[in-house]
Amino acid sequence: MGAITLKNKRILVTGGNGYLGTFLVKALEKENANVFVASRNAELLYNHFTVDITDFDAIHKVVQEIQPDVVFHLAANISRSRDFAIYNDMAKVNVTGTLNVLQALQNLDAHFIFTSSSEIYGNNTSPFNENQLPKPVSPYSLSKVNAEMLIQTYCLNHNKKFTNLRIFNFYGEHMPEDFFIPQMINSLKREEDFLMTKGEQTRDFLYVDDVVQALLLTAKNTNSYNETMNVCSGKGTKLNELAAAVNKKMNAKAKIIVGAIPYRDNEVWEMIGDKSKIKQKLGFEPQVNLENGIQRVLHNS
C-alpha cells in the first residue's frame, strides 16, 4: 500500500457546504490539510469560494488559484424523482459540472475523488459488486453513471488519477429531513405520526463518520488510483425493522404507521453492497454499527 500524508496538502472540496462535505472538511482539517471549499452558497469562511460548477470560467479561475493536490468532488444535484423532465437539470450539474471541474485541473497533477451513488446499481442482484453493469432507475442515478464514465474516460485519456466511490445510504446527526432516518426521528420528536411504506425494502446503512473515513483512506492511499469502489457496510436492514428499532429506542408517543403510503414506481427492493474490494485495497472497515449509530444520532440531535 502506498501511504500518503494529507498534512499541508492543498485539498479542494466541491459542495463542501453540503451535509457530507461539512463532516469531511472538519476531518481534513484534523489531518492538518490545507482545505478549500467551493460551493454555490458559500458562507463567509476562510478558504471558501462561492462558485457554480456549471460556469466553466468561474470554476477554472478558482481551481487555478487553489492549485489542489486532491479534489473531493461532492457537488451534485440530488433527486429521488423518476420524472425525466428533470434530467437536463441533473445532467447540467452532475455531468457537465463534473467535466468543468476536470477540465479546470488540466495542467495540475491532482487526485480526483468522486462521490457516486449506490443507486447506479438499480435492480441488479444484491449484494452489488463493482463488476456489475449499472442499471440506473432514475434521472439522478443515470446522471451519476454518466459522470462516472466521463471521469474514467477523461482521466485515462489525460493520464489523471481518479477514484469513483459508490456510496451507500448514510445517516448522521443534524441530517436534512429529506432522508428517511432523520425524517422518521424528527417526526416522532414532534409527536407526529410517521407515515411510511410497508418497509420491505432492504438497505445498506453507514454512519457518516465511516463514510468520511473511507474518503480519507482514498486520498491517503495510492491503491485507490483509477479504481471504482463501493463504500458500504455489507449488511442489509429492512426499513420496517429499522423503524421498529428507532421507535423502541425513542419510546415516542407518536406512532410509525407502516403501509400508510405506496411504494415508488420502479422501487429497488434490495440494496446491499459488497465491501470486499475497498477492504482489500484500502483496509476500510466500518466502525459504527446501525444500532450504535442510531443511538449517537438520538443523543446528538
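In this predicted model, helix α1 passes helix α6 in a right-handed crossing. The two helices span residues 19–30 and residues 208–219, respectively, and their axes come within 10 Å, crossing at roughly 60°. That angle makes α1 oblique to α6.

It helps to look next at the residues that form this meeting point. On the α1 side they are Y19, L20, F23, L24, A27 and L28, and they meet V208, D209, V211, V212, L215 and L216 of α6. Sorted by character, the residues of this contact comprise 11 nonpolar, no polar and 1 charged. The spacing of such contacts along a helix has a simple background: an α-helix has 3.6 residues a turn, so residues three or four places apart point the same way.

Burial adds another layer to the picture of α1. Its buried residues are Y19, L20, G21, L24, V25, A27 and L28. Beyond the helix, α1 is followed by N32, a residue with a positive phi, near 60°.

A second element worth a visit is strand β5, which covers residues 111–117. Here 7 of the 7 residues are buried, so β5 is largely enclosed by the rest of the structure. Its residues point in two directions: H111, I113, T115 and S117 go one way, F112, F114 and S116 go the other way, and all are buried.

Strand β5 also has a neighbour in β4, which is made of residues 70–73. The two strands run parallel and are joined by 4 bridges. In one of the pairings, V71 has F112 of β5 as its bridge partner, and F112 belongs to the group that shares its direction with F114 and S116.

Technical notes
Residues numbered from 1 in each chain as written. Predicted model: local features only at pLDDT ≥ 70, side-chain atom pairs only at ≥ 80, totals over all residues. Heavy atoms only, no water. Axes fitted to C-alpha atoms, helices over the stretch in contact; angles between N-to-C directions. Parallel < 35°, antiparallel > 145°, perpendicular 65-115°, else oblique. Left-handed = near helix turned anticlockwise from the far one by under 90°. Contact = heavy atoms within 4.5 Å. Nonpolar A, V, L, I, M, F, W, Y, C, P; charged D, E, K, R; others polar. Buried < 20%, exposed > 50% of the residue type's maximum accessible area, 1.4 Å probe, protein only. Pairing = 2+ DSSP bridges.
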